[in-house]
Amino acid sequence: MTLDSMGVPSIPTDHSSDRVVDYGRVFADAVRKLDPRQMIRNPVMFVVEIGTAVVALFTLGAIGSATEGYDLLVTIVLFFTILFATYAEAYAEARGRAQADFLRRTKSTTRAHRIAPDGRTEVVRAGQLLRGDRVRVEAGEIIPGDGEVVEGVGAVDESAITGESAPVIKAPGDSVTAGTRLLSDHLVVSITANPGDTFLDRMIALVEGAVRQKTPNETALTALLAVLTLIFVLVVVTLVPVADYYSPNAVNITTAVALLVCLIPTTIGALLSAIGIAGMNRVARVLVVAKSGRAVEAAGDIDTLILDKTGTITYGNRVATAFVPMPGVDDAELAQASLEASLADTTPEGRSIVDLALRRLGLPTTPALEGTPVEFSAQTRLSGVDYADGRTLRKGAIAAVKALAHDPPPELEAAAEAIARDGGTPLGVVADGRVLGVIRLEDVIKENLKERFAGFRAMGIRTVMVTGDNRTTAAFIASQAGVDDFVAECKPEDKIAITRAEQAEGKLVAVTGDGTNDAPALAQADVGLAMNSGTMAAKEAGNMIDLESNPTKLLDVVMVGKQLLITRGALTTFSIANDVAKYFAIIPAMFANVPGLKVLSALNIMGLRTPHGAILSALIFNALIIPALIPFAIHGVRNRAETAERMLLRNIVNWGVLGVIVPFVGIWAIDRALGLFGLS
């Protein structure tokens with residue numbers, strides 16, 4: 001979203017999800033929501049509905065009077081005011097429901113090419129796929145289930161899920177989501193979710209589950225709006241007898257209700273539910289299931305982000321980048337030994353060592369393993385190979401290599417420390433007790449994280465990296481990534497201790513995790529983002545689940561929460577500022593014909609022509625501004641990287657000032673337009 005010349009967010013042009021919204025059903029839902037039993041949940045609009053009913057009855061009783069036309073027009077405008085309010089909520093719900101309906105249709109019609117154990121391919125319904133099944137997806141086909149790519153590389157259109165039109169390249173190891181479409185090549189996908197547990201099922205349940213509960217901030221704002229409404233009811237009730245004192249029956253019921261409706265915060269009252277619903281939908285669009293709106297809102301108030309290094313800040317797969325031979329050992333000898341020690345190592349690190357050694361030695365293919373492989377164990381922290389003639393070859397942690405060596409050279413420790421200082425991981429290589437050298441492994445930091453962390457810092461959010469690496473390596477990674485602090489040599493149980501320590505200082509904390517040992521910290525955190533691929537204990541403990549199992553998604557969740565709070569604050573500011581202009585429109589008109597109060601006509605600074613025209617203009621503007629702001633409520637106001645104080649100031653300057661100026665211009669223009677039709 002971009003800013004216009006006045007610093008106000010422009011409306012996004014991507015409406016890819018709108019094409020499946022059933023507008024007929026939206027209108028029907030909007031009418032259904034006019035039921036007072038539903039409307040009473042929104043105190044502001046409930047008062048407007050009562051006022052509309054009162055004016056309608058008064059209009060029926062005033063048929064044939066001089067004000068019949070005026071009373072009827074006010075009744076119609078008041079009705080559309082509450083209809084626009086219910087439409088905003090119904091439309092927000094429909095956008096999420098339309099997504100679910102589309103996914104349900106996709107789920108019911110999609111066929112899958114399941115690969116049988118004997119290699120044959122059979123066509124089955126997507127709903128028959130079980131966890132562990134393998135399916136083949138060709139270009140143009142819908143991916144039938146949540147899974148992981150095990151073969152092939154292709155471009156996937158995820159717009160049905162995320163709303164983003166740009167295709168995403170998927171390769172082995174990447175997750176794919178049911179309902180998305182493969183655009184090119186072919187993929188073999190291993191299904192990771194049973195029927196009922198897929199993203200489609202979760203999305204449908206999220207949208208069509210129980211009635212959305214209001215968040216604490218939303219509840220507090222609703223209470224504030226109710227109090228303001230009560231105050232204005234008392235003000236209007238007081239003003240009517242004051243006018244009658246000077247001139248009996250000077251102000252009729254229609255005008256009094258019009259004044260009340262224009263003074264109470266109808267704009268934010270009408271849009272409040274839509275803002276909350278849209279916030280939940282935006283979280284779902286980044287493939288995160290929030291168990292409650294409270295979690296989304298808490299994400300917007302987060303003070304501290306606790307992030308794992310591996311998989312969140314770095315890609316997690318360390319890659320061999322260099323061989324550092326010891327004195328008396330040439331590079332080719334170290335490369336050959338590293339190759340032989342890694343031939344049976346199927347980990348990504350082991351594969352990268354083999355690839356690097358083959359390039360250094362100029363070998364076109366991987367040689368066969370000669371000897372008995374020795375698998376890595378946590379006790380020895382070594383792996384390698386034993387030969388038939390008694391020779392041994394090992395690679396592993398520097399401390400373990402030193403313990404195995406007969407006379408470790410001092411250069412070994414120096415080389416290991418130099419690699420660690422640069423953020424790498426050193427692995428030693430030893431043959432028959434003789435240290436040959438060190439393999440340098442590097443864990444690559446993800447792109448653009450430094451800029452994102454800088455943005456969080458500008459908002460006053462502190463980022464803390466936790467890692468099991470030694471302090472030297474952790475310090476280098478932390479400085480390269482741009483996090484504010486780090487905890488090295490961190491054990492699983494340390495994460496909850498760090499969380500509690502931050503909370504003890506009065507901070508709100510967000511944590512990611514996927515294992516059973518992460519469950520206590522996820523439960524303790526104010527925002528606990530559990531990975532969908534994680535254990536059931538972790539998913540039960542967290543209040544959000546990332547369906548893509550991408551730990552960096554926590555950063556997106558925080559931004560969605562921030563945007564939710566900013567949108568609510570901006571539109572509240574605009575709504576309250578609106579009352580200033582409407583006050584100058586209606587108060588002078590209300591008392592223009594009351595002897596003794598005509599002095600108030602000096603407040604008619606817009607030069608509105610007649611009292612009835614002024615009141616109608618203000619009411620019409622009050623009604624039209626609601627649908628005009630629906631796009632901002634749905635898409636959200638732009639979120640900038642800045643502190644809460646600057647954010648508040650910007651809202652006051654942009655939305656507050658516009659909230660005063662726009663009504664003055666709008667009411668004046670409507671009054672002139674009414675004059676063209678003889679209504680002003």
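Here is a short walk through a few corners of this structure, which is a predicted model.

Let's start with a pair of helices. Two packed helices are described by the angle between their axes and the distance between the axes. For helix 20, spanning residues 553–590, and helix 21, spanning residues 611–635, that angle is about 175 degrees and the axes sit 10 Å apart. Angles over 145 degrees count as roughly antiparallel, and helix 20 and helix 21 are therefore roughly antiparallel to each other. Who does the touching? On the helix 20 side, the contact residues include Gln563, Leu571, Phe574, Asn578, Lys582 and Ile586. Helix 21 answers with a set that includes Pro611, Ile615, Phe621, Asn622, Leu629, Phe632 and His635. Sorted by class, the contact between helix 20 and helix 21 comes out at 14 nonpolar, five polar and one charged residues.

Now over to some strands, with strand 14 (residues 382–386) as the one to keep an eye on. Strand 14 is mostly covered, with four of its five residues buried. Strand 14 pairs with strand 13 (residues 372–374) in the antiparallel sense, over three bridges. If you want a spot to click on, Thr372 has Asp386 of strand 14 as its bridge partner. Strand 14 also runs antiparallel to strand 15 (residues 392–396), and five bridges join these two. Here Leu382 has its bridge partner in Gly396 of strand 15. Strand 14 and strand 15 form a hairpin with five residues between the strands, and in that hairpin Gly390 takes a positive phi near 100 degrees. As a reminder while you look at side chains, in a regular strand they alternate between the two faces of the sheet.

Next stop is Arg471, which lies in helix 16 (residues 471–481). Is Arg471 buried or exposed? The cut-off for exposed is over 50% relative accessible area, so Arg471, at 56% relative accessibility, counts as exposed. Arg471 still has company from further along the chain: leaving out residues up to four places away in sequence, Arg471 touches Phe486, Ala488 and Glu489. Take Ala488 as an example: it is 17 residues from Arg471 along the chain, yet their C-alpha atoms are separated by 5.1 Å.

Last, the cysteines. How many disulfides does a search of the whole structure find? The count is zero. Two cysteines to look at are Cys262 and Cys490. Buried means under 20% relative accessible area, so Cys262, at 0% relative accessibility, counts as buried. Cys490 counts as buried too, because its relative accessibility is 16%.

Key. Residues are numbered from 1 along each chain as its sequence is written. This is a predicted model: local features need pLDDT of at least 70, side-chain atom pairs count only at pLDDT 80 or more; totals for chains, interfaces and linings use all residues. Side-chain values use heavy atoms; hydrogens and water are left out. Axes are lines fitted to C-alpha atoms, for helices over the stretch in contact, and angles run from 0 to 180 degrees between N-to-C directions. Angles under 35 degrees count as roughly parallel, over 145 as roughly antiparallel, 65 to 115 as roughly perpendicular and the rest as oblique. Contact means heavy atoms within 4.5 Å. Ala, Val, Leu, Ile, Met, Phe, Trp, Tyr, Cys and Pro count as nonpolar, Asp, Glu, Lys and Arg as charged, and the others, Gly among them, as polar. Buried means under 20% relative accessible area, exposed over 50%, partly exposed in between (1.4 Å probe, protein chains only). Two strands pair if DSSP finds at least two bridges between them. A disulfide is a pair of cysteine sulfur atoms within 2.5 Å.
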